[in-house]
Amino acid sequence: MKRETLFLKVAIFVIGSPILALCLFWVPGIIGEHSIIDHDLSLWRAPMMIGLYVTAIAFFIALYQAFMLLRLIDKEEAFSEESVGALRVIMICAITISVFYVMVSPLLYVMAQIEDAPGLLAIGLVILFASTVIAGFAAVLKKLLHQAIEIKSENDLTV
């Protein structure tokens, strides 16, 4: 079991590293550059930075909870309330990202019109769709895991 979870733990770091690099280096630079060039976007600099970092924080919290879930699997405590809690936090983080991108979609549309970049709206919709799917998947897994824990506790009491 440790080999499979090791692969998934490495995958979590591989997914998180570029996002962290983007948050530290690319986002401040690109938003600062565009706000200097285009004064229409300078008013949106602070809200864009706050929004991107709020979603990044939610993303990293979800990655951390996924890592903790893999550690619970390694310790053979996958069927525990801690696992249900981790899935609940992942679901809440995914819902947070989804709600944020629903609220920001009109702004992305306006920015795409100003910059003549229709791909900007497509990127927002992909992030929205992916986080919605993750939220739904986490909710289903949380429910199934909770039911499995109830069945396990009933079986432990009957033996």
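**View 1. The buried residues of helix α5 in the predicted model**. In this predicted model, the residues of α5 that are buried are Gly124, Leu128, Ser131, Ala135, Ala138, Leu145 and Ile149. An α-helix has 3.6 residues a turn, so residues three or four places apart point the same way. Part of what covers the buried residues of α5 is α4, which runs over residues 81–115.

**View 2. The span of helix α5 from end to end**. Helix α5 takes in residues 118–158, and because each of its 41 residues is counted at 1.5 Å in the expected span, the helix should cover 60 Å. The C-alpha atoms at its two ends are 61 Å apart, which agrees with that expectation.

**View 3. The packing of α4 against α5**. Two packed helices are described by the angle between their axes and the distance between the axes. For α4 and α5, the axes come within 8 Å of one another and cross at roughly 160 degrees. Because angles over 145 degrees count as roughly antiparallel, α4 is roughly antiparallel to α5. The crossing in which α4 passes α5 is left-handed.

**View 4. Ile12 and its contacts**. Ile12 is a residue of helix α1, which runs over residues 2–37, and with a relative accessible area of 12% Ile12 is buried, because this value is under 20%. When its neighbours within four places in sequence are left aside, Ile12 is in contact with Leu63, Ala66, Phe67 and Leu70. Phe60 stands 48 residues from Ile12 along the chain, and the C-alpha atoms of Ile12 and Phe60 are separated by 9.8 Å.

**View 5. Lys9 and its contacts**. Lys9 also lies in helix α1, and its relative accessible area of 16% places Lys9 among the buried residues. With its neighbours within four places in sequence left aside, the residues in contact with Lys9 are Phe67, Leu70, Arg71 and Asp74. Phe67 and Leu70 are thus named in this view as partners of Lys9 and in the preceding view as partners of Ile12.

**View 6. Two cysteines, Cys23 and Cys93**. Cys23 has a relative accessible area of 11% and is buried, and Cys93, with a relative accessible area of 8%, is buried as well. When a disulfide is taken as a pair of cysteine sulfur atoms within 2.5 Å, the count in this model comes to zero disulfides.

Note on methods. Residues numbered from 1 in each chain as written. Predicted model: local features only at pLDDT ≥ 70, side-chain atom pairs only at ≥ 80, totals over all residues. Heavy atoms only, no water. Helix = DSSP H or I, 4+ residues; strand = E, 2+ residues; numbered from the N terminus. Expected span 1.5 Å × (residues − 1). Buried < 20%, exposed > 50% of the residue type's maximum accessible area, 1.4 Å probe, protein only. Contact = heavy atoms within 4.5 Å. Axes fitted to C-alpha atoms, helices over the stretch in contact; angles between N-to-C directions. Parallel < 35°, antiparallel > 145°, perpendicular 65-115°, else oblique. Left-handed = near helix turned anticlockwise from the far one by under 90°.
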